[in-house]
Amino acid sequence: MPRIPSPSAESLRRDVLPLRGRTALVTGASRTGGIGYAVARRLAAYGASVYLHHHVPHDAAQPWGAAPGGPEAVASGVREALGDPEVRVCHGPADLSEADAPAELLATAADALGGRLDILVANHALSGFDGPLDAIDATMLDAHWAVDARSVILLVQAYARARATLPERTPGGRVLMMTSGQDIAGGMPGEIAYALAKGALASATRSLATSLADLAVTVNCVNPGPVDTDYLDGEAYDAIAAMFPAGRWGMPDDPARLIAWLATDEAEWVTGQVIDSEGGFRH
């Protein structure tokens, strides 16, 4: 096999729209204060068409509540960031705790974006309904497993099946999953059910990357560290901020920049990795 030549000088100059012509599904993009929204805006700014998944009943049950203006207001914020005014920003609901929902969502997103899906960002998660070892029960474990782990694997399965129908080694295939800090320092002893499900995704990353390699798809998992998504304030908020060398929390756009880069062709040689993006957080 001939060796690949060094890149030309022209090819080294970065395209201002590195995701031009690509399509993406971002799950859990239902609030303007969340990571999913920040990721979707970055992908759109880089030239991708984006489908935003939401499950409003989940947010409505949380202390922060559902997004004012609903999903269309969130989509409008993504449209403001468009790098290419001709691309599409669509949105739709899905309760990913249901077994059939991941495959249905994947198909719906692909159809809405022209029939092909290049980038899958599985950002959704179940918040709350968890506790330490002596407080959890089977219902809590099953609920987190269904949403935080099972639905992600089923999304990846549906994505892989769709990519397999494309011409051989169609470029641009990307799967990005989200883990948490369960494998660092003291773990997450107060959120056993959540930590278990997120740990499963981290553990499966390399196996999924190997499974999808022949489809020219990279698979990576990002731990964003503590991110200010409007769920904490007061003294507790200040105490966490002081644990960062920068003296501030991670903001949604901090992991979003990494995830958007992993979606570009510049990151095509990075796969099977669990990447911590924590700003030097002192655990």
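Here is a short tour of three spots in this predicted model.

**Stop 1: helix α9.** Select residues 253-262, which make up α9. Of its 10 residues, 7 are buried, so the helix is largely enclosed by the rest of the structure. To see the hidden ones, show side chains for D254, P255, A256, L258, I259, A260 and L262. Now bring up what they pack against: one helix, α2 (35-45), plus the strands β4 (119-122), β5 (173-178), β6 (217-223) and β7 (273-276).

**Stop 2: α2 against α4.** Keep α2 on screen and add helix α4, residues 70-79. Two packed helices are described by the angle between their axes and the distance between the axes. For α2 and α4, the angle is about 35 degrees and the axes sit 8 Å apart. Their crossing is right-handed. Which residues in α2 and α4 meet? On the α2 side, pick Y37, A40, R41 and A44; on the α4 side, pick V74, G77 and V78. Sorted by class, this contact has 5 nonpolar residues, 1 polar and 1 charged.

**Stop 3: A101.** Next, jump to helix α5 (residues 101-112) and click on A101. Is A101 buried or exposed? Its relative accessible area is 6%, and buried means under 20%, so A101 counts as buried. Leaving aside residues up to four places away in sequence, A101 touches D95 and L96, so show those two as well. Finally, draw a distance from the C-alpha of A101 to the C-alpha of R13: the two residues are 88 apart along the chain, and the atoms are separated by 41 Å.

Key: Residues numbered from 1 in each chain as written. Predicted model: local features only at pLDDT ≥ 70, side-chain atom pairs only at ≥ 80, totals over all residues. Heavy atoms only, no water. Buried < 20%, exposed > 50% of the residue type's maximum accessible area, 1.4 Å probe, protein only. Helix = DSSP H or I, 4+ residues; strand = E, 2+ residues; numbered from the N terminus. Contact = heavy atoms within 4.5 Å. Axes fitted to C-alpha atoms, helices over the stretch in contact; angles between N-to-C directions. Left-handed = near helix turned anticlockwise from the far one by under 90°. Nonpolar A, V, L, I, M, F, W, Y, C, P; charged D, E, K, R; others polar.
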